[in-house]
Amino acid sequence: DIGKLPDNNATEALQRITGVQVSRDVGEGGSIAIRGLPQVETTLNGRETFTAGGGRTFNLQDLPAELIGRIDVYKSPTADLIEGGLGGTVDIRTHLPFDFRGATLSATLRNNYADRIKKSEPMASLLVSDRWQTGIGEIGVLAAISYQERSYRQDIDSTGAPTPRVPGLASQIDPTRTVFAPNGNYQVLVTGNRQRIGANAALQWRPASNLEFSLEGQYQRFRTIQQQYSANIPTA
């Protein structure tokens with residue numbers, strides 16, 4: 001079902017699988033857990049990969065859903081899987097030329113309107129693939145690209161913890177009298193823009209029915225620009 005529903009990234013595509021829990025990050029899918037355990041091993045086309053600053057894990061939020069052909073989720077480890085996934089293993093499979101029967105062209109165009117910030121941003125993707133029979137065997141070529149942009153706004157109003165205090169007038173009449181009142185108020189306005197770009201290219205060669213070679217290249221970029229304005233109002 002990946003690509004049939006308006007998912008922005010790989011995390012949102014995973015949220016429909018039983019046993020997978022998804023966190024939200026400013027309205028988009030963020031990190032995942034399998035059966036409540038966040039220690040999940042992530043691989044790309046069967047090979048271990050990672051995101052800078054993310055330890056041994058790949059940030060699934062970076063990968064646009066349009067570039068994904070299949071996602072395999074292993075809830076219990078087996079001997080043939082790469083070790084390290086205490087919670088489980090997620091293997092992201094991108095499209096390959098031999099996944100399609102012949103010449104294939106796929107394109108999507110969407111528009112995302114955020115009513116809180118009153119901005120409209122585009123989302124588009126394009127995939128081109130073909131395969132041929134040649135004198136040296138079957139050859140397939142694929143190229144795909146995805147572009148997403150989204151603006152957002154968050155309004156946060158936080159009231160401080162109740163604190164015992166003596167009101168000014170009451171302190172003159174009865175110094176032992178106290179009331180509980182919030183120790184302040186914290187208001188935050190957050191605005192930002194997110195840009196997600198993904199691309200992949202693949203070349204496959206099958207010189208014989210029992211022999212196949214693949215050459216793949218991946219590119220992902222996820223950029224966030226955010227401004228935050230806050231006001232902290234303490235009580236006396």
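**Loops, strands and a cavity**

Student: Between which two strands is the loop where Lys118 is found?

Tutor: A strand here is a DSSP run of E with at least two residues, numbered from the N terminus. The loop with Lys118 comes before strand S8 (119-134) and after strand S7 (104-114). The strands asked for are S7 and S8.

Student: What kind of model is this, and how are residues numbered?

Tutor: Residues are counted from 1 along each chain as its sequence is written, and side-chain values use heavy atoms, without hydrogens or water. The model is predicted: local features need pLDDT of at least 70, side-chain atom pairs count only at pLDDT 80 or more, and totals for chains, interfaces and linings use all residues.

Student: What is the phi of Lys118?

Tutor: Most residues other than glycine have a negative phi. Lys118 is not a glycine, yet its phi is positive. The value is near 60°.

Student: Is Lys118 buried or exposed?

Tutor: Buried means under 20% relative accessible area, exposed means over 50%, and partly exposed lies in between (1.4 Å probe, protein chains only). Lys118 has a relative accessible area of 61%, so this residue is exposed.

Student: Where does Arg35 lie, and what is its phi?

Tutor: Arg35 sits in the loop between strand S2 (28-34) and strand S3 (40-44). Its relative accessibility is 55%, so Arg35 counts as exposed. Arg35 is not a glycine, but its phi is positive, at about 55°.

Student: Is Leu126 exposed or only partly exposed?

Tutor: Leu126 lies in strand S8. Its relative accessible area is 40%, so Leu126 is partly exposed.

Student: How far apart are Gln187 and Ile233 in space?

Tutor: Gln187 lies in strand S12. At 38% relative accessibility, Gln187 counts as partly exposed. In sequence, Gln187 and Ile233 are 46 residues apart. From C-alpha to C-alpha, the distance is 8.4 Å.

Student: Which strands each supply at least two residues of the lining of the largest cavity?

Tutor: A cavity is a set of points, on a 1 Å grid over the protein atoms alone, where a 1.4 Å probe fits but cannot get out; lining residues have an atom within 4 Å of a point. The lining of the largest cavity includes Gln148, Glu149 and Arg150. Also among the lining residues are Arg194, Gln195 and Arg196. The strands are S9 (137-159) and S12 (184-208).

Key
Helix = DSSP H or I, 4+ residues; strand = E, 2+ residues; numbered from the N terminus. 1 Å grid on protein atoms, 1.4 Å probe; cavity = no way out; pocket = protein on both sides within 12 Å on 5 of 7 lines; lining within 4 Å.
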